[in-house]
Amino acid sequence: VPEEILGGLQQLVLLAVLRLGHDAYGARIQDELDRRGGRAVAISTVYVTLDRLERRGLVRSWLGEPTPVRGGKAKRYYALTAGGARALQQARSALTRMWAGLRVAGG
Amino acid sequence: MSPEPRAPPRLARRILLALTPADLADAIDGDLLEGFRARVPDRGLLRARLWYWRQLISPDILALWRERRPSLPPPRPRMLGQDLLHDVRYAVRSLARQPTFAAIALVTLAVGIGATTAVFSMVNGVLLRPLPYPDADRLVMVFRTVPRFGFNRSTASFPDFADWRDGGARVARLAAYSSARLTSQAPEGAERWSGYSATANLGPVLGVPAALGRWFTDAEDRPGAPLVIVLSHGLWQARFGGDVGIVGRSVVLSGEAHTVVGVMPPGFDFPSDAAQFWLPLRGDPGVMERDGNFLTVIGRLRDQITVARARAELTALAARIDAEAPGANQGYGLFVESRHAFVVRNARHALYVFLGAVALVLLIACANVANLLLARGAWRARELAIRAAVGAGRGRLARLLLAESAVLGLAGGALGVGVALLLLRALVTLGTGQVPRIDDVRLDATVLGFAAAISLACALVFGLVGTLATGRGDVTRGLRAGSTYGASVSRIGRRLQRSFVVVQVAVAVTLSLGAGLLVKSFVRLTATEPGFDPAHVVAARIAPRGATRFELMERVLDQTAATPGVETAALAYDLPFGEHGFSSGAVPEGRTEGEAEAPAIAGNVVAGAYFEVLRIPLLRGRGFEAGDAVGSPPVAVVNETLARAFWPGADPVGRRMRMGGSDEPWTTVVGVVGDVRQRSLAEAPASTYYVPLAQSQWVDGMFVIVRSETPAAGVVGALRRVVGELEPSLPVTDVAVSTELVSRSVRAPRFRALVLAVFGVAAVLVAVAGVYGVIAYSVSARRRELGIRVALGAAPRGLVGQVVRDGMWLAAGGVALGIGGALGLSRFLRGFLFGVGPLDPATFATVAAALAAVATVACYVPARRAAAADPLETMRAE
């Protein structure tokens, strides 16, 4: 299967998971996308993206502990796989190469 | 609502969980609860809840579900349903991206579809839905016609009916009925019930059995049979408290004991909803005269017999019978039509005119939305070209556009049903009393199906137009064209746009002309002088029986006239705009024409100060006096029209005329009064004579007419007291306020004018929006060109003129076409016009000028804006 290019939201989600480290679960990722990434998305969108990334082997997930504030519902934690880290690197270098020597008006 | 104040919305949570795959349900539920609780302290409960709800509004909810089902193939080779879902979702998103466009298109469609649906539901309820009887299409009405009086639907006599029933049994089973009234003596006072006496076979002919008990039998429908009565559901409820033990009970009505044999089901309102009871007719062919025409005849056709066949056979039969009994029925004919056609006869034409008019409104609305889509399609040419470039086939692009149209059409239709509900309520309120069967009008499955069908038809039209104009698959042209600002409607699209504008203006002109003619008719009608002064006149009817009834009427008149607050009072057999009038043949002395050609002339029987009460001017001679009594020579007062017809150029006072047959005495004319419009403002005054009550002792009841400044309720109360003191068993009925009678007579024209005027205004608004839109669009497309011209020194005013002229050509074409349309269509309005020809030049000129003016403004505004813009800025915007 040829490597596919990461979608925009997929990159942001991977970066959020990376940044959150041991605390990367749905609600925090959604929050991080909103606050830092400026992308307010529905929770289902977060999970659809995570799900696609997981099926491509870029993240893995496991069930965590339930907490009272969540009404006793367990968290599902996510972390980058080696493939996920590689994909982020590739996306970044592709972007950097594409941006080399460019300027955009109106910034 | 929820037990815990800080809980997330329960419904939203349930929906979310239902849509979430099981292995993610807990995680998502927990995340949302966490997110919700985190938001409550900062942003408040309401916003937190809103946030929670917003989590629902995401197409990815379904994606999550779909993608995780292992049995489905990966997204690339989509299945039809998924493709459709995708198309629809894409369409919704792309419409939502341009909310102004979507809103205008939706509102236009909702109005067009809503108005059409509302009018269609009236047509459906009144004209299309069968009457509420089994096999209602087999029911027919049989009428006498009297061609020389212009009567098409006259009643028949009992001997005639009996002959038709027996002789015509092969083609139809005939029944007959006539109105009847009964007095019920209640502790609160006498009450008059209206109902019908009918032949026993009326029940079986209609095919509706009694809800309780039975209909009356042939044995009960014979002369001398014991009296029985069948009650309506309404009367049974109102007067007998819905007592199920009523059948078999005896009730004293009009002084005679009647046995209740049955109660009809609710909703049975034959022949009108005024029917409270039905009695056996108990007709006696040996006693009833052949010229006593009082029966309405209805029948149920036998199998295989058509209305035309029944008409032919019954006409032949009647002609044979009439030939055997000459005299009575000389010059009469016979007419058969379906019951349904008879019931809707006055409404049919108007409703079809409305349906035609509203279809034109829908046409304009569609043209407008198609124009909007064309303009938008130009903006999107680049997007579509890109899609084509990355491999979307032409069919795929067409489908995208069709999906968008379908979403627009269906959403517009859904909104339109809402609009229809509102409009329908208004139409039913306005049409009550004007339109038969208006109670049957509602939004039912047929109407909803109709709304869905026209919505889809509209969608198909837009979709095709859009595809035709933009989905040409010329990738390079689209890409290139898209780079210059908007100037990319294909030539075919531009031509379509312009023809749509012409059509819109044309239809708006046609509709406005129709509306203008009706409005002018209505104004003329209400400005017509009725010939009497209806203000402050109240009337009510009494119908006493027995030998002393005339003394009683006179005493009621005297005491009423003496009541404080009453200015003058009179008695009359009929009121102007009333329903009791009679007519008879009449000839002036010395004329030689035979009886058969004697024209029908309206008559009225009066007593007291009738002409003063109604302020009908006495032009010559005198009114009635006390000396015009039973034994003295018969006298009459005639109106101007009759005087002119009988004695042109001569003084009628002192001349003699004869009313009725040749055995009637000669009557001397003692006075001439002004003409009165007797039936409606639209009808020219008929020749009318008045005779004094004292010399016309055949009348069965009289109106007491009072002129008084006291409010109507007070006058009626006083009248009831007078009657109650003189004869407690005598009911006071048919209370009428003269001004209401007059205004009721113009309700139908007002209804028609109002409906058509609303359609006309809607059409003009939509058409103006259309002209404005196209000119604004063409100006924006030419902005660069106009900017360059201004930069090169062209006077802005000249440019404005050029743009306006361009638009005016379209408008002028539309106006010309619209006038042509109106010339062809206005003849359908002929029957509704009063004092205005269907080609009234003043109306045509006014409407055409008004629309041209409005169109000019619609062109001028965008043209002005373009010329006022800074040329440098316009060019830089590229």
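This is a short talk on the contact between chain A and chain B, and on the cores and salt bridges of chain B. Please keep in mind that the model is predicted.

I will start with chain B. Chain B has 878 residues, and 49% of them are buried. Its secondary structure comes to 26 helices and 23 strands. If we take the contacts in chain B with a separation of 6 or more, 81% of them join residues 24 or more positions apart.

Next, the cores. In general, nonpolar side chains in soluble globular proteins tend to be buried together. Here the largest nonpolar core has 98 residues. The residues with the most contacts inside that core are B:M122, B:L351, B:Y610, B:I616, B:Y690, B:I705 and B:F759. A second core, separate from it, has 42 residues, among them B:I601, B:V669, B:V699 and B:V722.

Which residues does B:I705 contact, once neighbours within four places in sequence are set aside? The list includes B:V537, B:V538 and B:A539, then B:T568, B:A569, B:A570 and B:A572. B:L575, B:Y610 and B:V613 are also on it.

One single residue before the charges. B:A162 sits in helix α6 of chain B, residues 158-167. Its relative accessibility is 7%, under the 20% cut-off, so B:A162 counts as buried. Its C-alpha atom is 9.2 Å from that of B:A175, a residue 13 positions away along the chain.

Now the salt bridges. Over all chains the count is 29. I will go through three within chain B.

The first pair is B:D444 with B:R129, with the closest N and O atoms 3.3 Å apart. B:D444 is in the loop between α13 and α14, and B:R129 is in the loop between α5 and β1, so the bridge ties together parts 315 residues apart in sequence. Are these two residues buried or exposed? Both B:D444 and B:R129 are buried.

The second pair is B:E313 with B:R170, at 2.7 Å from N to O. B:E313 belongs to helix α9, while B:R170 lies in the loop between α6 and β4, 143 residues apart. B:E313 is partly exposed, with a relative accessible area of 24%. B:R170 has 58% and is exposed.

The third pair is B:R615 with B:E567, at 3.4 Å from N to O. B:R615 is in the loop between α18 and β17, B:E567 is in strand β14, and 48 residues separate them in sequence. Both sides of this bridge are partly exposed: B:R615 has a relative accessible area of 45%, and B:E567 has a relative accessibility of 43%. These two residues also belong to a salt-bridge network with B:D533 and B:R707.

Last, the interface. Chain A contributes 25 residues to the contact, and chain B contributes 23. Together the two chains bury about 2000 Å², with 48% of that on carbon and sulfur atoms.

How many salt bridges are there between chain A and chain B? The count is four. In one salt bridge the side chain of A:R70 meets that of B:D31, at 2.7 Å from N to O. There are also 10 residue pairs in polar contact across the interface.

On the side of chain A that touches chain B, α2, α3 and β2 of chain A each supply at least two residues. The most come from α3, with eight residues. By class, that side has 11 nonpolar, five polar and nine charged residues.

Terms used
Residues are numbered from 1 along each chain as its sequence is written. Chains are lettered from A and ligands numbered from 1 in the order in which they are written. This is a predicted model: local features need pLDDT of at least 70, side-chain atom pairs count only at pLDDT 80 or more; totals for chains, interfaces and linings use all residues. Side-chain values use heavy atoms; hydrogens and water are left out. Contact means heavy atoms within 4.5 Å. Buried area is the accessible area (1.4 Å probe) that two parts lose on being put together, summed over both. A polar contact is a pair of N or O atoms within 3.5 Å; within protein, one must be able to donate a hydrogen and the other to accept it, and residues adjacent in sequence count only if both atoms are side-chain atoms. Helices (H or I, at least four residues) and strands (E, at least two) are DSSP runs, numbered from the N terminus. Ala, Val, Leu, Ile, Met, Phe, Trp, Tyr, Cys and Pro count as nonpolar, Asp, Glu, Lys and Arg as charged, and the others, Gly among them, as polar. A nonpolar core is a set of buried Ala, Val, Leu, Ile, Met, Phe, Trp, Tyr and Cys residues joined through side-chain atoms within 4.5 Å. Buried means under 20% relative accessible area, exposed over 50%, partly exposed in between (1.4 Å probe, protein chains only).
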